[in-house]
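Student: Could we take a close look at one part of this protein together? I would like to see how its aromatic rings pair up, with a little background to begin.

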Amino acid sequence: MDSAKQEAGYRAAERVRDGDIIGIGTGSTVLYAMERLQQRMYEEKLTILGVPTSYQTAYRAVEMEIPLTSLDAHPRLDLAIDGADQVDPQLRMIKGRGGAHLREKCVVDAAETFLVIVDESKCVTHLSGNVPVEVLSFACTSVLRRIVDLGGSGEIRTGSGKDGPVISDNGNLIIDCRFADIPSPEELEMKLAAIPGIVESGLFTRYTDKTELMVGKK
Ligand code: 5RP
């Protein structure tokens with residue numbers, strides 16, 4: 001799938017115009033877009049400013065000499081480029097495998113256009129399975145109970161390289177929720193947002209009007 005991700009990432013980078021201020025998402029597909037942006041900065045003297053959505057992206061941008069700014073300095077962005085875990089035909093999606101969906105959603109909200117870059121395996125007919133949610137650790141158990149009330153189940157994400165739970169870039173926990181079926185992603189996003197202690201879910205259903213999808217093929 002790497003060549004498909006590279007194709008999508010490189011194509012997205014071609015969409016960036018000189019002077020653009022862009023949100024830079026997180027994940028392996030976005031790293032390809034950054035690679036091509038770095039080449040364009042060198043070859044075409046392209047000037048851009050990026051708002052990173054994670055430590056991963058920020059550290060990589062520093063290595064690549066992609067200049068960074070913050071959402072506070074630039075609350076309006078020309079473009080946000082990001083990957084996704086699942087995208088349905090209405091351009092609704094699930095994100096958050098990398099636990100970066102909270103900042104990713106803030107950046108998408110600030111952007112005029114949301115450019116989603118995926119390989120073919122991410123395109124589904126119905127969103128299903130794992131929905132990550134970022135949760136205040138104080139409310140973790142009550143949130144788990146509320147997820148059960150919604151007909152799902154949740155598990156605190158644990159990682160490698162550290163015992164115990166994954167702590168997000170924002171100092172919160174990630175709960176991976178499972179729902180047998182997601183008949184209305186919009187409704188589920190709203191219901192999850194209404195649970196005290198959930199900071200943000202990985203469901204992205206409100207940005208379809210400004211979403212453009214680029215699917216890379218092998
Ligand atoms: C991180 C994300 C990623 O954008 C998503 O998981 C896609 O990652 P990749 O491009 O590595 O497949 O939402 O929280």
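Student: Before we get to the rings, how far apart are the mean positions of the positive and negative charges of the protein chain? After that, please walk me through the aromatic pairs.

Tutor: Happy to! Keep in mind that this is a predicted model. The protein chain has 25 positive and 33 negative charges, and their mean positions are 2 Å apart. As for the fold, the chain contains six helices and 12 strands. Its radius of gyration is 17 Å, which agrees with the value near 17 Å that a compact globule of 218 residues would have. Buried residues account for 50% of those 218 residues.

Now to the rings. Searching the whole structure turns up two aromatic pairs. One is Y55 with Y59, a stacked pair whose centres are 5.9 Å apart, with 15 degrees between the planes. Both belong to helix α3 (residues 55–64), and because they are four residues apart there, about one helical turn separates them. Y55 is partly exposed, with a relative accessible area of 43%, while Y59 is exposed, at 55%.

The other pair is F114 with F204, which is tilted: 6.4 Å centre to centre and 35 degrees between the planes. F114 sits in strand β6 (residues 111–119) and F204 in strand β11 (residues 203–204), so this pair ties together parts that are 90 residues apart in sequence. Try finding these two rings in the structure: both F114 and F204 are buried.

Terms used. Residues numbered from 1 in each chain as written. Predicted model: local features only at pLDDT ≥ 70, side-chain atom pairs only at ≥ 80, totals over all residues. Heavy atoms only, no water. Helix = DSSP H or I, 4+ residues; strand = E, 2+ residues; numbered from the N terminus. Rg over C-alpha atoms; globule rule 2.2 N^0.38 Å. Buried < 20%, exposed > 50% of the residue type's maximum accessible area, 1.4 Å probe, protein only. Lys, Arg positive; Asp, Glu negative; His and termini not counted. Charge placed at Lys NZ, Arg CZ, Asp CG, Glu CD. Phe/Tyr/Trp six-rings, centres within 6.5 Å; stacked < 30°, edge-to-face > 60°.
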